[in-house]
Amino acid sequence: MLSDPHIWWYVTRSSALVAWALMTLSVVWGILLSTRLLRRIDNPAWLQDVHRFLGGLMLIMVGLHMLSLMLDGWLKFTIPELLVPFATDYRPLGVALGIVAFYLLIAVQGSSLIMHRLPRKFWKGLHYSSFAALLMVSFHAGLSGTDVGALGYKILAFSLIGIATFSIVLRAAVGTRTRRAVKAEIWVPAHDSKPRISPPRIETQQLVVDDLAPIAENVLHIKLLNTSGSLLPIWYPGSHITLHLPNGLERQYSLCGDPADRDHYEIAVLRTDDSAGGSSWIHTNLRRGMTMTVSGPLNNFELEPARDYLFVAGGIGITPIRAMIESLPMRREWKLVYVGRSRRAMAFAEELKQLYPDRVLIHSTEEDGARLALDRLTVAESTHVYTCGPESLTQSVAIGIPHEQLHVEHFTPVLRLPQIPDAAVQLSFTRARQQLTVGADESILEVLERNGMPVLGSCRKGVCGSCEVRVISGTPEHLDSVMDDSDKDALGVMYPCVSRAKTPELVLDL
Ligand code: FES
C-alpha cells in the first residue's frame, strides 16, 4: 500500500473530505447550541466541548491535507504555495479560497481558547466568520478538487452543502433565543431577523394559593396553583414572577421550585423590616384558597453554560439559587456558600445541607462569628459565580471575581448617579408616528405610559425588568440594576423607568 504512487493523493483527498465533514458538523453543532435546540434548563459543558473538539479535529485534518499536498508526487506544493493565496499556478482561485478559509478557521479556533479574555462582541463576530469559512471551503472543494466529477464525491458534497444550508436557514429563522427572549416569550415577528423586545409579552394568570407555610423565621413558602387546567408558561432557574397585591402594590419574587412543575409556582417571601406594604401584606393577609393575580415569569438572571459554578446566596437570595441547583445534573461541579444572620432565618438551609453535605457551606454570623471575607473570594477561569442577596454581599463578591464570570441579581436598586445632568430627551419610534419630549424632571416610562405606548411598568425602580424597550438609535444612560450594562448594550435594550439618555434623542422600537 505504502508503495502505491497514489498514496498521498488518497490521503489528501480523504483528509480534505473528512475535514470538510467535521467543519460542517462543528458549524451545525454550534448552531444547535446557539439556538438552544441542544440545551434547555441544563447547559452541560460537554456540549460545548464537543463543538470545540470537532473544530480541533477538523484543523488536524486540514494540517494532514496540507502536508499530503506537499508529499503528493504530482501536485508537489511548496510551503509558500500552501500558505500564500495565488502563489500557485494550480487552480489559483480555488486554492486561495482554501488558504483564506484556513486562516479564518485558525482565528476562530484560537479565539475560542481565549474567549474569556476577549470582548464578547468581538469573539462572537469572529466566531460567526466560520459561516464564511464554510462557504469558502465549499467553493475550494468544488474548484480545486481533482475528483469533483466522481459520483461519490458529488453525493458527499451535495449532502454537506445541504446540511450546512439547512442549518444556517434554521439559525436565521430561530434566532439566538437570547436569555431575554427565552424567558420573556418575546414576540419575534417573521419579517424581522432581530428579536423585538418591546414590550415583553408577559403573561398574567389568576392563581390560587394552594399552600403557605413558614419555612424559616419571617419567611413564608407559598405555592400558587393554576386551576385553569392549562399549563403555566415555561420558566428557567433565575426567573421571577410579579404578584399584584389587592392593595395595589406589585412585588417580584424569584421562583424557587422545580421548573418541570407546570401546574404551580413556588416562592418564598421574607417579611422585611421596612416593608412598604408588600411582604407585610402577604404575611398578614394571604390565606389558603385566595386567588392572586400573577404576571411573568421574567428572567434577568439566567444560568449560563459553564464548566462549574459557585453560588453565593445571602438570606432570601437563596430562592433563585435553589432553583438553579435543582436544575443541574448530579455530575456537574458546583458549590454553594450560603450566608445569613442565623440558621433559623435561612430558608432551605437544612434541606440543602442534608442533600449536598460536601457542596454546601452554611455560614451564620450568629453561630460562626465574624463575617465571611467574600471580598477575597477567587475562582478558577472555568467557574461562573452566581450571587443573590443584600447589596453589601453582592458587592463584596464582585471585588475578586472577573466581570465576565460574575452574575448578580439585585433585590433592591443599586445607587447609580447619572453621569450627565438630567436634560430633556426627544423620543421617536419605529412604529408610532409621533415624537415625544421627556422633561428633565420626569421619567421616560412616565411619558411613554401617559401617551399610551405599550410598555409595562412594575417596580419602577429599575430592578424587575418589566419595562424593557429596544433602542434602535441613540445612547441610553443605564441607571437600572436589571443586568450588566454590557449585556443591555449587546441586546440593545434599556429600562426607561429609571434610565435616561446620553444623546438628545432616542429612537425606540415601539
Ligand atoms: S419597571 Fe421594573 S425595571 Fe422598569
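**A walk through the predicted model**

In strand S5, Tyr265 is the bridge partner of Leu224. That pair is our way in. One caution before we go on: this is a predicted model.

Let me widen the view around that pair. Strand S2 covers residues 219–225, and it pairs with S5 in the antiparallel sense. Seven bridges hold that pairing in the count. S5 itself runs over residues 264–270. Is S5 mostly covered or mostly open? Mostly covered: six of its seven residues are buried.

Now a helix with a similar story. Helix H9 spans residues 318–327. Nine of its 10 residues are buried, so H9 is largely enclosed by the rest of the structure. Among the buried ones are Ile318, Pro320, Arg322 and Met324. Ser327 is on that list too.

Next, empty space. How many cavities of 30 Å³ or more does the structure hold? Three. The largest has a volume of about 460 Å³. Its lining counts 30 residues. Nearest its centre lie Ala16, His65, Leu69, Gly98 and His140. Four helices each give two or more residues to that lining: H1 (7–34), H2 (45–71), H4 (92–113) and H5 (120–144). H1 provides the largest share, eight residues. What about chemistry? By class, the lining has 22 nonpolar residues, seven polar and one charged.

On to a single residue, Thr394. Thr394 sits in helix H12, residues 391–400. It is buried, with a relative accessible area of 3%. Which residues does Thr394 touch, leaving aside neighbours within four places in sequence? The contacts are Thr387, Cys388, Gly389, Val408, Glu409 and His410.

Back to strands. Five of them form an open sheet, in the order S13-S12-S18-S14-S16. The pairing there is mixed. The edges are S13 (435–438) and S16 (493–494), each pairing on one side only. Look at the S13 end. S12, residues 425–429, pairs with S13 in the antiparallel sense over four bridges. Within that pairing, Ser428 has Gln435 of S13 as its bridge partner.

Last topic: salt bridges. A search of the whole structure finds 14. I'll show three.

First on my list, Arg416 and Asp485. Their side chains meet at 2.5 Å, N to O. Arg416 is in the loop between S11 (406–409) and S12, and Asp485 is in helix H14 (485–491), so the pair ties together parts that are 69 residues apart in sequence. Both ends are partly exposed: Arg416 has a relative accessible area of 27%, and Asp485 has 24%.

Then Arg431 with Asp509. Here the closest N and O atoms are 3.3 Å apart. This pair also links distant parts of the chain, 78 residues apart. Arg431 lies in the loop between S12 and S13, while Asp509 lies in the segment after S18 (505–508). Buried or partly exposed, for Arg431? Partly exposed, at 41% relative accessible area. Asp509, though, is buried, at 3%.

My third pick is Arg460 with Glu449. Their closest N and O atoms are 2.7 Å apart. Glu449 belongs to helix H13 (444–450), and Arg460 to the loop between H13 and S14 (469–473). They are 11 residues apart. Arg460 is partly exposed, at 40%. Glu449 is partly exposed as well, at 30%.

One final item. Salt bridges that share partners join Glu217, Arg341, Arg344 and Glu366 into one network.

Key:
Residues numbered from 1 in each chain as written. Predicted model: local features only at pLDDT ≥ 70, side-chain atom pairs only at ≥ 80, totals over all residues. Heavy atoms only, no water. 1 Å grid on protein atoms, 1.4 Å probe; cavity = no way out; pocket = protein on both sides within 12 Å on 5 of 7 lines; lining within 4 Å. Points joined across faces, edges and corners; volume = space filled by probe spheres on them. Nonpolar A, V, L, I, M, F, W, Y, C, P; charged D, E, K, R; others polar. Buried < 20%, exposed > 50% of the residue type's maximum accessible area, 1.4 Å probe, protein only. Pairing = 2+ DSSP bridges. Contact = heavy atoms within 4.5 Å. Salt bridge = Lys/Arg side-chain N within 4 Å of Asp/Glu carboxyl O.
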